[in-house]
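Thanks for making time this morning. I would like to take one strand and its surroundings slowly, and then turn to the place where two chains meet.

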Amino acid sequence: MTPVLRLQGVHKRFGNTEVIQGVDLDVMRGERVAIIGPNGAGKSTLFNLISGRFAPSQGRIELLGQRIDGLPPHAIHRLGLARSFQITHLFNGMTVYENLRCSVLWSLGHGYSCWKFLSSMKDANDRTEALLNQLGLGHKRHELAMNLSYAEQRALELGVTLGSHSEVLLLDEPTAGMSRSETRHFIQLIAQITQGKTLLMVEHDMGVVFELADKIAVLVHGQVMAFDTPSQVRENQQVQAAYLGALAAAEGKHA
Amino acid sequence: MNPAKPLRADPFAVHPAWRWMFLLAAFMLLAPWVFRSPFAQAVLTQIGIAMVACLSYNILLGQGGMLSFGHAVYTGLGAYMAMHALQSAGSAGWSVPVSLIPLVGGVCGMGFAVVLGYVTTRRSGTTLAMITLGMAELVFAMSLMFTDFFGGEAGLSGNRVQGRALWGIDFKSQTQVYALIAIYTWVCVGLMYAFTQTPLGRLLNAVRDNAERLSFIGYQPQRVRYLAFIISGFFAGVSGGMAVLHFEIVTAEVVGAARSGAYLLFTFLGGSSYFAGPILGAVGMVLSAVLLSEWTAAWLLYLGVLFVAMVMYAPGGLASMGVWHLRWIMQPAASRLWTWYLGCFISAAVAALGAASAIELFYHHQLQSSVGTPLRWLGQSWATDQPMPWALAALILLLGLAGWRFFKRQWDKTWETMAPPRSGAAP
């Protein structure tokens, strides 16, 4: 079985700084992979390389058997990959409903058409409704995205990512800035909505990571230090020393 | 028993936009009976032409977030091509019916948008604005270089009364021209509204709000901007073609920077965030050019001041001011606000009068005092070399400003006591 997403020797340099230093990663269909690592380890950069925001300086990325490194974001999306952003990226002047409806259009084949009315596109409207209900944003459908609360904006951010029913999903810190209870609730929502999808997620909440992920990739200094099941990663001495230990110690101090 | 058929929705139920379209049609039908003089009908005709131009501009500005300083390129080149079609219809063997001349303008405007827009829409924001400025300069420079095509200083003129008159429609009278242009305007307004309800129209809003995110849901922002630019170019060209039929002359100023600036200014004044905003703007554009310029020599100065004031204090334009008024008038306790509202309104009017008096005095003093004629203003004769008129103007202005300050404060206080926190602030 070939992986849905395969990274081989991926490097990224910004000037003299090498942020990603040779990453190899194979993600199988239906796996949920959490990417963890200290700040500045290159987690967001890795997502930006996979989703086409930046082109890698070196190496090869394959999505569903097709080479995607260097392709623009829209082309990668069309091959079956969608992503969310750590810093909320929405269509702020548009309503919740319109935000979601935009996200479903391409995958339903409506393209750039200007000879059909949106209101008559049953498939797009039905899928938008379904998304609204799943996200629990039905009562906010006419609200402008910029007027939503922070947690609602995060939910909408997730919704815009899911609208296309893409095979592979990259979620960049979906719970960033949320309270503990909001995070709990939100993670349940993610687990439920992304059933059957291949999921890569950057997440800082270790509780969430160990609960949700099938596999964990530990990224340190632009390299994958470990890529294994949660229990294996927890036992990994190197990871303990480099990251989890420090984290546990830090959390211990806070508690 | 028959299986229950699903109940159909009311077959006569139509999209609410049709009500507005119907209203517009009714207004267009009644207007020539109310305004009978050829002059008034010429003004109405020009308003129709300006409406299509400003709405087409707002596809870029309001809907797509593309600040263009060169929209007159597309209205203007459309007009030139339409004029050539009109001229050749009069002379050559083949001919385009006069009533289809605006479509010639539209197709040509679209063609120029296909070529020039490809470069323009590669980028967004400031870069795009700079490119449009460059394009406008380029085309204006060409209009002075290629005199065969552009007619040089004198421009080109044509004759709309030609060919076989169908059902006695020969476009000799202004009313017939008005009728033709009203039909074009109505159809174009409808089509441009319909455009906002299509996927491309919505994607254009998305490009305006967050082009990068759009690229991550499968669309190329450049492509969306480019397609919208072409559509905008088509309607701009139609507007240029309509102007050809109305004026029967085209000069280089139709592709000039002042014309582009006017589209920007009045679309903004009307309100670029509402579909109807540019319609209001177009009315203002024609009325100020035709009436205000008759009334005062300083009309461009007033427009400039108005523009600056609107950008600073009411960036949503007339349309959003209208919506704001509706909102507070609908408040249950609105009656408590009326006193203060009228106070604000009157003092603003007084302040404006004072400022206008000062401007008129100044203008007259600078330009006319050597001639020695006193200023005629508000039915009085004002001597600009005496201190009294100046003091009076200053007094009126200060009185108005003081009144505004007082009433505005009262308004704010009352508003705060009654309004729910998030239903918008005072203007």
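If you follow the side chains along strand 8 of chain A, in what is a predicted model, you will find that T198(A), L200(A) and V202(A) point one way while L199(A) and M201(A) point the other way, and that all of them are buried. Put in terms of the whole element, which runs over residues 198–202, 5 of its 5 residues are buried, and the strand is therefore mostly covered by the criterion of 20 or more other C-beta atoms within 10 Å.

Which strands pair with strand 8 of chain A in the parallel sense? One of them is strand 3 of chain A, residues 32–36, which pairs with it over 4 bridges, and there V33(A) has L200(A) as its bridge partner. Another is strand 7 of chain A, residues 168–172, where the parallel pairing extends over 5 bridges and D172(A) is matched with V202(A). Between strand 7 and strand 8 of chain A the chain passes through helix 6, residues 180–193, and this β-α-β crossover is right-handed.

Let me now move to the contact between the chains, where 30 residues of chain A are in contact with 23 residues of chain B. On the chain A side, the elements that contribute two or more residues are helix 2, spanning 73–78, and helix 3, spanning 96–105. As for the character of that side, it has 13 nonpolar residues, 13 polar residues and 4 charged residues.

Key:
Residues are numbered from 1 along each chain as its sequence is written. Chains are lettered from A and ligands numbered from 1 in the order in which they are written. This is a predicted model: local features need pLDDT of at least 70, side-chain atom pairs count only at pLDDT 80 or more; totals for chains, interfaces and linings use all residues. A residue is buried if 20 or more other C-beta atoms lie within 10 Å of its own, exposed if 12 or fewer, and partly exposed in between; C-beta atoms are placed from the backbone. Two strands pair if DSSP finds at least two bridges between them. A crossover is right-handed if, with the strands pointing away from the viewer, the path from the first strand over the helix to the second runs clockwise. Two residues are in contact if their C-beta atoms, placed from the backbone, lie within 7 Å. Ala, Val, Leu, Ile, Met, Phe, Trp, Tyr, Cys and Pro count as nonpolar, Asp, Glu, Lys and Arg as charged, and the others, Gly among them, as polar.
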